[in-house]
Amino acid sequence: VRPFPTPSARQGEAPSLGLTRRMRRNRKAEWSRRLVRETRLTTDDLIWPIFLMDSSEARSPVDWMPGVDRLNIDEAVRQSVHAASLGIPAIAPFPFVEKSLRDPTGSEALNARNLMCRAVRAIKAEVPQIGIVCDAALDPYTSHGHDGVMEGERVLNDASVAILVQQALALADAGADVIAPSDMMDGRVGAIRAALDASGHEDVQIMAYAAKYASAFYGPFRDAIGTNATLIGDKRTYQMDPGNSDEAIAEVALDLDEGADMVMIKPGLPYLDIVARVKDHFRVPTFAYQVSGEYAMIVAAARNGWLDGDRAMMESLTAFKRAGADGVLTYFAPQVAEKLKAAG
Ligand code: PBG
């Protein structure tokens, strides 16, 4: 280390700092920035969540997620073809279930001809090469909007797991490639794994929403699937407290022991410390969900002209990868894939 130089006495002449390392040298030109870049977002990193509806209309806009539409089955098939052609590895469909089909136990979730199962069959028939990740949770189907069944004010654990297992089997029978339990009941990964194995679905993967927090950032999603009006109370007795980090390690350890093939952290950007910790600790395929509220914040600010939406989208997704995520569920998936394709 050189001694700090004495400043030049001459007015207006910058003193030499005598630096050995100048970090800016590697940043001076685009070719050099490309050369030293550590993390790169690719189309292979994307899972695209889509919303399904039973309708003769192809699309209907989600008000709280500008740019995102609910799709009927035909349109979902067309969009899956499009996603596959862009090289997006997987989609994650979520259903908007008619209010008349919702009940306290979410029984429509077990109907082998429900919207999800019909959509999965139709997509698999037309685009077998795209992965389909199906959420296991009852909230789209329950009249109270919770992910499990209730007794009074309580969301029951074991009784909910028994139903979630049946839901997972219906989805696997329909052709789901991955079951993604997002309900945060204890023991559901093990129960679902055992049931899948016992019914000839040994190859169906499980992506556990292992560390899912009770978050305000799910707001627009609940508009998309129509549970914002129905949800009674909140989900804090089963989703994690935002203040906890050690607990995420415990959750991931349990889900892996119970047979999860991949784990997920959710929400995304506000929880990148959890993504980094989980990846460092377990070294297993680790995913993150850039949730509806994160999407809405970027799009709303961009629409107001307050930031460059495209750059914020790419920067936020690169940050997931830098933190250690192997992939990201993002509503921006097709836009990102188009952009990456245009860039060559
Ligand atoms: C349902 C589920 C939710 C999300 C994914 N699966 C909502 C919730 O737990 O209330 C949120 C996704 C998003 O906000 O984009 N279990």
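**Entry 1: ligand shell**

I began with the ligand and sorted the residues of its shell by class: six are charged, four are nonpolar and two are polar. I then listed the residues that surround the ligand. Four aspartates appear in the list, namely Asp135, Asp139, Asp147 and Asp183. Arg222 and Lys235 also belong to the surroundings of the ligand. I noted Ala137, Tyr218, Phe221 and Val291 as further members, and Ser182 and Ser292 complete the set.

**Entry 2: confidence**

I recorded that this is a predicted model. The protein has a mean pLDDT of 96, and 97% of its residues reach 70 or more. For the model I noted an ipTM of 0.97 and a pTM of 0.95.

**Entry 3: H3 and H4**

I looked up how helix H3 (residues 115-126) lies against helix H4 (residues 158-174). Their axes come within 8 Å and cross at roughly 25°. Angles under 35 degrees count as roughly parallel, and H3 and H4 are therefore roughly parallel to each other. I found the crossing of H3 and H4 to be right-handed. On the H3 side, I listed Met116, Cys117, Val120 and Arg121, which meet Ala170, Leu171 and Ala174 of H4. By class, this contact of H3 with H4 holds six nonpolar residues and one charged residue, with no polar ones.

**Entry 4: H7 and H8**

I next examined helix H7 (residues 246-257) and helix H8 (residues 272-282). The two axes come within 10 Å, with a crossing angle of roughly 50°. H7 and H8 are therefore oblique to each other. I entered the crossing of H7 with H8 as right-handed. From H7, the residues in the contact are Ala248, Ile249, Val252 and Leu256; from H8, they are Ile274, Arg277, Val278, His281 and Phe282. I counted this contact of H7 with H8 by class as seven nonpolar, one polar and one charged.

**Entry 5: H2 and H11**

Last, I checked helix H2 (residues 73-86) against helix H11 (residues 333-343). I noted that their axes come within 10 Å and cross at roughly 35°. The crossing of H2 and H11 is left-handed. His82, Ala83 and Leu86 are the H2 residues in this contact, and they meet Pro334, Ala337, Glu338 and Lys341 of H11. I divided the residues of the contact between H2 and H11 into four nonpolar, two charged and one polar.

Conventions: Residues are numbered from 1 along each chain as its sequence is written. This is a predicted model: local features need pLDDT of at least 70, side-chain atom pairs count only at pLDDT 80 or more; totals for chains, interfaces and linings use all residues. A residue is near a molecule or strand if its C-beta atom, placed from the backbone, lies within 6 Å of it. Ala, Val, Leu, Ile, Met, Phe, Trp, Tyr, Cys and Pro count as nonpolar, Asp, Glu, Lys and Arg as charged, and the others, Gly among them, as polar. pLDDT is the predictor's confidence in each residue, from 0 to 100. Axes are lines fitted to C-alpha atoms, for helices over the stretch in contact, and angles run from 0 to 180 degrees between N-to-C directions. Helices (H or I, at least four residues) and strands (E, at least two) are DSSP runs, numbered from the N terminus. Angles under 35 degrees count as roughly parallel, over 145 as roughly antiparallel, 65 to 115 as roughly perpendicular and the rest as oblique. A crossing is left-handed if the near helix is turned anticlockwise from the far one by less than a right angle, and right-handed if clockwise. Two residues are in contact if their C-beta atoms, placed from the backbone, lie within 7 Å.
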